[in-house]
Amino acid sequence: TIPAHSRMQILWDFEDYVCGYACLELEKGTGSILEVEWAESLYNSGCHGDRSPKGDRAACLGKHWIGFGDRIRHSGGKASFEPLWWRSGRWLRLKIETGKEPLLIHDARPLRTHFPYCRGWRFSADASLEAMLTVCENGLLNSVHETFVDCPYYEQMQYVGDTRVQALVWRVASGDPAPVRRALELFDRSRWVNGFVAERCPTREPQMSSTYSLIQPLMLRDFMLWNDDRAFIRSLLPGTRSALEHALASLDEDGLPSFLPGWLFVDWVPRPFWKQGVPGGHTEALTAPIALHLPLALWAAAEIEEACGEELMARRWKAHAADAFTAIMTAFWDPRRNMLADDREATAWSEHAQALALASPTLDPDRRAALTNALVNPTPDMAPASVYFSYYVHEALLLAGRVDALLERFSFWKDLPRQGFLTTVEKPEPSRSDCHGWGAHPLYHCLTGLAGIRPAGPGFHEVHITPQPAGLEHIKASLPHPKGLLSVDLRFAGTRVSGTIETPVPGSLYYLGRREGLQPGTNEL
């Protein structure tokens, strides 16, 4: 009961990150005004604005409030209130001003909402990794609703680059292809007249990004590998081909994609390295991280065409990819530093260029070793990968067998719980968003990298298990397969691996250059 002619505030720490509808049941209190506001964190004293450092996300003493939500004018009697759209955060502030009559609050609660989620994964190896993965899982499930969303508190929009990473984590965490299928459908329907998908959809404010559009073929290839649905994949091939044809039309006389349209976003790299997420800022000159998106998209399309029986198209995409990659290596290779530069003058460098080049199937062994060394031992003048693009860096390190460097980079995520975070963040401090689904990818890499469980080819009809323990003595992991659960319980001692693998499909175990066949069912090693 709130007395008449009074004011009060209630600050509520859910001790959890919640997406939900703030529901109230009121009685009496004619003329009362209630403000229901949400926040991901309170702000340090003297800081204002959503890009200010917030400090410990679990703290409230000595901090001040910046939030948003709904304002209710209560006309008295019995009434229930529920907003028209959901909000999110860890903190909720209920600010109340009563009129001539006391106000009774019978119930106040957030009605939680997100896409139905059933955990299908398990990973056990190291306590610090397991705490980190809880934060990753929370960041993911709060970013999947009617669509994937980049962040639940701010934009609530489905971006191509964000969604590709989120979709991979969602697949290994839940096994449910429905949100991924829907995302691919919506992006396909968002295509501009030039064939490129919109950078984000659905939205009433269209935005073009060639770099993000070129990630769509990679996302479609991911779906092809993890799911057996060739008819659906074929239905999206015409649009994918159209985008690639227009991307090839952007090539200059040197064979480089110098005329790609839109916001050429790659990663939220801090100043002074990049501006607005674009390597080189907003200059007209092409950079290697932007250019490398094209051959990788072409190679992904070639894999999809092969899986759909389109050998001629596959050969065409491969040829264009090889030509584009050769042109990029010629234009941007820096022989002084034995690595790729971002610009042709070799005045700027980044982790991004090395990671993307390492994903090329045609990279020669000597340059592969050089690029891996540059990525493992970055210099201070290299633009660092932020939270989102670290997915590609982690992939490159796993491909090179440098799990030691991967675990070192995991330290950023391991520190999140100690800072009061319950979910993965948009970028390092000052982070605008405390919950960003694109940061959940360590969960994917623990299951598919450390435990090494991945599809052996299209449709996941076979499995390749290539564990990379990097000093871990025991790894237990499982992830969902359309035909059942794939589980490993492995112990490592020197060059030996022992344990049990349970799989619903045949496959192979690869460890330190040795291969062992796997049959459906329980396999004792």
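**Close-up views of side-chain contacts and backbone geometry**

**View A. A buried acid, Asp 434, pairs with Lys 54**. Asp 434 is buried, its relative accessible area being 2%. The model is predicted. Lys 54 is likewise buried, at 1% relative accessibility. Both values fall under the 20% cut-off, so both residues count as buried. The side chains of Asp 434 and Lys 54 form a salt bridge, 3.5 Å from N to O. This pair joins distant parts of the chain, 380 residues apart. Asp 434 sits in the loop between α15 (411-414) and α16 (441-450), while Lys 54 sits in the loop between β3 (43-44) and β4 (63-64).

**View B. Glu 351 and Arg 409 bridge two helices**. Their closest N and O atoms lie 3.0 Å apart, in a salt bridge. Glu 351 belongs to helix α11 (residues 351-358) and Arg 409 to helix α14 (residues 403-409), so the contact ties together parts 58 residues apart in sequence. Glu 351 is buried, with a relative accessible area of 5%. In another part of the salt-bridge pattern, shared partners join Lys 54, Arg 57, Glu 429 and Asp 434 into one network.

**View C. Helix α11 is mostly covered**. How many of the residues of α11 are buried? The count is 8 of its 8 residues. Among them are the charged Glu 351 and its neighbour His 352. Ala 353, Gln 354 and Ala 355 are buried as well. Leu 356, Ala 357 and Leu 358 complete the list.

**View D. Glu 97 and Arg 7 pair across two strands**. The two side chains meet in a salt bridge at 3.7 Å, N to O. Glu 97 is in strand β7 (residues 87-97) and Arg 7 in strand β1 (residues 7-28), so the pair ties together parts that are 90 residues apart in sequence. Glu 97 is partly exposed, at 35% relative accessible area. Arg 7 is exposed, at 70%. The cut-off for exposed is over 50%, which is why Arg 7 is classed as exposed and Glu 97 as partly exposed. The model has 31 salt bridges in total.

**View E. Phe 68 and Tyr 153 meet edge-to-face**. The model contains 24 aromatic pairs. In this one, the ring centres of Phe 68 and Tyr 153 are 5.1 Å apart and the planes lie at 75°, so the pair is edge-to-face. Distant parts of the chain are linked here: Phe 68 is in strand β5 (residues 68-74), and Tyr 153 is in the loop between α1 (127-141) and α2 (160-174), 85 residues away. Phe 68 is partly exposed, at 33% relative accessibility. Tyr 153 is buried, at 8%.

**View F. Tyr 388 and Phe 389 form an edge-to-face pair**. Their ring centres are 6.2 Å apart, with planes at 80°, so the geometry is edge-to-face. Tyr 388 is buried, at 1% relative accessible area. Phe 389 is buried too, at 1%. Both rings belong to a cluster linked by ring pairs. Its members include Tyr 212, Trp 226, Trp 263, Phe 265 and Trp 268. Tyr 391, Tyr 392, Trp 438, Tyr 444 and Phe 460 are also in the cluster.

**View G. Two arginines lie over aromatic rings**. Where does the charged end of Arg 181 sit? It is over the ring of Phe 232, 5.0 Å from the ring centre. Arg 337 lies over the face of Trp 349, at 4.2 Å from the ring centre.

**View H. Cis peptide bonds precede Pro 202 and Pro 272**. Most peptide bonds are trans. The bond from Cys 201 to Pro 202 is cis, with omega near -5°. Pro 202 is in the loop between α3 (178-189) and α4 (210-213). The bond joining Arg 271 and Pro 272 is cis, with omega about 10°. Pro 272 is in the loop between α7 (237-248) and α8 (288-291).

**View I. Gln 276 and Ala 470 have positive phi**. Most residues other than glycine have a negative phi. Gln 276 has a phi of about 55°. Its place is in the loop between α7 and α8. Gln 276 is partly exposed, at 43% relative accessible area. Ala 470 has a phi near 50°. Ala 470 lies in the loop between β15 (463-465) and β16 (474-481). Ala 470 is partly exposed, at 39%.

Note on methods:
Residues are numbered from 1 along each chain as its sequence is written. Side-chain values use heavy atoms; hydrogens and water are left out. A salt bridge is a side-chain nitrogen of Lys or Arg within 4 Å of a carboxyl oxygen of Asp or Glu. Helices (H or I, at least four residues) and strands (E, at least two) are DSSP runs, numbered from the N terminus. Buried means under 20% relative accessible area, exposed over 50%, partly exposed in between (1.4 Å probe, protein chains only). Rings of Phe, Tyr and Trp (its six-membered ring) pair if their centres lie within 6.5 Å; planes under 30 degrees apart count as stacked, over 60 as edge-to-face and the rest as tilted. A charge sits over a ring if NZ of Lys or CZ of Arg is within 6 Å of the ring centre and within 35 degrees of the ring normal.
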